[in-house]
Amino acid sequence: MKTKKKDFNPDCFNLAAIDIGSNAARLLIKSVTRQDDGTLLFQKQQFVRVPLRLGMDVFHDGKISDERAEQFIRMIKAFRQLMIIYKVVAYRACATSALRDAENGEKIIKHIQKEVGVKIEIISGDEEAETIYNTHIEKLLLMSASNTEEKKSYLYVDVGGGSTEVSFISEGQLKASHSFNIGTLRMLSGLVSLENLNAMCDEIVALMQEHNECAIIGSGGNINKLFRLVPKKQKLKDRITLPQLEKLYGQLASITVEERMREFDLRADRADVIVPAAQIFINIAKAIGATDIIVPTIGLADGIINNLAQAQTEDLS
């Protein structure tokens, strides 16, 4: 999927990211426009989420079933057609925890590249954490801060179906990042104990190098949905407080998946994983003494596109 140089406009072009997670896969297409001052403006053109749930197979059986592999191939074919329609000049497709663990993961992505023409990379947990960090949302938070109390240290926390990625940023510098094999589908499969959760929190505290003033930036579909479930009269502009999160957790955990779907208007593939996701965020927040979680709606796909844009502009310079 390459654009001829004569057809490429370096001042306005489209990029795409494919994020193949354990619970869902996403296609994000953004336009990139070069401003007069040289900065880049990103605007979302298309976003598609497919509840593929590769982790349901992998975390139980160690491999992706033939039926789900066929769904996987059909999904990538559809993503490719959308990238053609939007005249995407560059893309990157990244697979995370489920495909890292699947014994037939490499075989499937090789088949997809041969049949569909889309290259998929299985990235490490640490690269996943660093790519999410590359959204640099903390810089925008500091630029928009209207008071001197805005914290300058941040902990990015991305909770997925198969893993949780964290990155610690202080004074604008990435100090540490790490990936933990603790995710919502793994928890639903009984593969994560309370001891595992506590050990993760202890390691996160150690990563932070004794920085006491730290805000959490949460990413992933579950924290976004939890933020939207806060009643409007109680909702803050860009964050969910720990008491609000704990209250929602109690309400959701006390009822069945079917009741969550009905009472909170949740999809089936969200209604089951939202409870363990809330538990992970609550445990981490308590461990580092955070009182709330900033929810800016960012994720791996955004980081991929930021990296692609940087590469495109470097090629032109």
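This report looks at one sheet and at the helix that packs against it.

The model is predicted: local features need pLDDT of at least 70, side-chain atom pairs count only at pLDDT 80 or more, and totals for chains, interfaces and linings use all residues. Residues are numbered from 1 along each chain as its sequence is written, and side-chain values use heavy atoms, leaving out hydrogens and water.

Let's start with the sheet. Five strands (E runs in DSSP of at least two residues, numbered from the N terminus) make an open sheet with mixed pairing, in the order 3-2-1-4-5. Strands pair if DSSP finds at least two bridges between them. At the edges, pairing on one side only, are the two strands in this table:

| Edge strand | Residues |
|---|---|
| Strand 3 | residues 40–50 |
| Strand 5 | residues 120–122 |

Strand 2 (residues 25–34) is antiparallel to strand 3, with ten bridges between them. Isoleucine 29 faces glutamine 46 of strand 3.

Now for the helices (H or I runs in DSSP of at least four residues). Helix 2 lies across strands 1, 2, 3, 4 and 5, at about 15° to strand 2. Helix 2 (residues 66–85) also packs on helix 4 (residues 105–116) at an angle of about 40°, the axes being 11 Å apart. Axes are lines fitted to C-alpha atoms, for helices over the stretch in contact, and angles run from 0 to 180 degrees between N-to-C directions. The two helices are therefore oblique to each other, a term for angles that are not under 35, over 145 or 65 to 115 degrees.

In contact (heavy atoms within 4.5 Å), helix 2 residues including Phe72 and Arg80 meet helix 4 residues including His111 and Glu115.
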